[in-house]
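Student: I am new to this structure and would like a close look at one part of it, the surroundings of the ligand. Please also show where that part sits within the rest of the chain.

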Amino acid sequence: MLKIDHLTIRFGGLAAVNDVSTIIEEGKINAIIGPNGAGKTTFFNLISCVYKPTSGTITLDGRDVTSLRTDQVARLGVARTFQTTSLFNGATVLDNLIVGHRLRTRSGLLDVLCNSSRLREEERICREKARDALDFVSLSHIANRLAGDITQEERKRVAFALALATDPKLLLLDEPAGGLNPEETLGLAELIRKMVSHGLTVCLIEHKMNMIMSLADKILVLNYGEKIAEGTPAEIRANPAVIDAYLGSDHAGI
Ligand SMILES: Nc1ncnc2c1ncn2[C@@H]1O[C@H](COP(=O)(O)OP(=O)(O)OP(=O)(O)O)[C@@H](O)[C@H]1O
């Protein structure tokens, strides 16, 4: 699905991602782990085209997307969630989703002024997609609640729904379980499995090792910007380089 070849980005003298090659496998849960400052978020910024690499290539389904803009790669089906979810707190959950989806549809100012049939049709589709996405993440019951009044876990699910409403094929999740308790984390892991069972490919960054080890099909380990290991959870757990990297950091054991 997404092929990454020799990807490097330098900030001044620092190679935040250094010569990383990997494949994000279709229909799988691909995880990226590594100690603080390992380059995980920078790697996400590269594959969602927020940053342009210093060198290397990114190929999505056979097409070189390395120099595309974020909105262009999003239109090709790459959606992303962030560590914190920005919502319009004074608007309802459903309206947040509709706005999120409208940002990607085609009507222009003229359509709005004329209340064109294209605009009305797009609005109908947006509303339908927003409701479907809310239903998928099990939040239909809070559709009309103000976003400022929902829980942290519900915000995480809304972030998933926002991404899903854009019909992605690849979903990049940045620390989806950050700030959640163990029970909520299990619920979110279940939702990620459900997305994959519906044909999505997932790539996630996560610090919660229990979650990653039980959820991921494949794990890429970064340390100081470099790939130090790649494999199944069992392979990663037994890898001496990974154990070394984590013993030298302040993270919980793997
Ligand atoms: N825009 C930037 N300019 C300069 N340095 C940067 C920039 N973005 C990231 N870095 C540096 O690149 C390195 C990797 O940072 P990154 O945020 O990708 O790590 P991370 O693995 O996501 O860390 P964490 O787990 O703490 O979120 C760090 O040393 C960071 O300071």
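Tutor: What follows starts at the ligand and then moves outward to the sheet, the domains and the whole chain.

The model is predicted. Around the ligand stand Phe11, Leu14, Ala16, Gly34, Asn36, Gly37, Ala38, Gly39, Lys40, Thr41 and Thr42. Two elements, β2 (14-24) and α1 (40-47), each give two or more residues to this shell. The biggest contribution is that of α1, with 3 residues. Sorted by class, the shell holds 4 nonpolar, 6 polar and 1 charged residues.

One of the two contributing elements, β2, leads to a sheet. This is an open sheet of 4 strands, in the order β2-β1-β4-β5, and its pairing is antiparallel. Strands β2 and β5 (63-64) form the edges, each pairing on one side only. Within the sheet, β1 (residues 2-11) and β4 (residues 55-60) run antiparallel and are joined by 5 bridges. As for single residues in that pair, Lys3 has Thr59 of β4 as its bridge partner.

Next come the domains. The assignment for this chain gives domain 1 as 1-77 + 168-175 + 182-254, and domain 2 as 83-167. Between the C-alpha centres of domain 1 and domain 2 there are 27 Å. Where the two touch, 8 residues of domain 1 are in contact with 8 residues of domain 2. On the domain 1 side, the elements that give two or more residues are β7 (170-174) and α7 (182-197). Of these residues, α7 supplies the largest share, 3 residues. By class, this side of domain 1 has 5 nonpolar, no polar and 3 charged residues.

Last is the chain as a whole. Its secondary structure amounts to 10 helices and 10 strands. The radius of gyration is 19 Å, close to the 18 Å that the globule rule gives for 254 residues, so the chain is as compact as a globular protein of that length. Measured out along its principal axes, the C-alpha trace spans about 60 × 40 × 30 Å. Of the 254 residues, 37% are buried. Taking contacts between residues at least 6 apart in sequence, 68% join residues at least 24 apart.

To return to the part you asked about: the ligand has α1 as the element that gives the most to its shell, while β2, which also gives two or more residues, is an edge strand of the open sheet.

Definitions and conventions. Residues are numbered from 1 along each chain as its sequence is written. This is a predicted model: local features need pLDDT of at least 70, side-chain atom pairs count only at pLDDT 80 or more; totals for chains, interfaces and linings use all residues. A residue is near a molecule or strand if its C-beta atom, placed from the backbone, lies within 6 Å of it. Ala, Val, Leu, Ile, Met, Phe, Trp, Tyr, Cys and Pro count as nonpolar, Asp, Glu, Lys and Arg as charged, and the others, Gly among them, as polar. Domain bounds come from an automatic or database domain assignment. Two residues are in contact if their C-beta atoms, placed from the backbone, lie within 7 Å. The radius of gyration is taken over C-alpha atoms; the globule rule is 2.2 Å times the number of residues to the power 0.38. A residue is buried if 20 or more other C-beta atoms lie within 10 Å of its own, exposed if 12 or fewer, and partly exposed in between; C-beta atoms are placed from the backbone. Two strands pair if DSSP finds at least two bridges between them.
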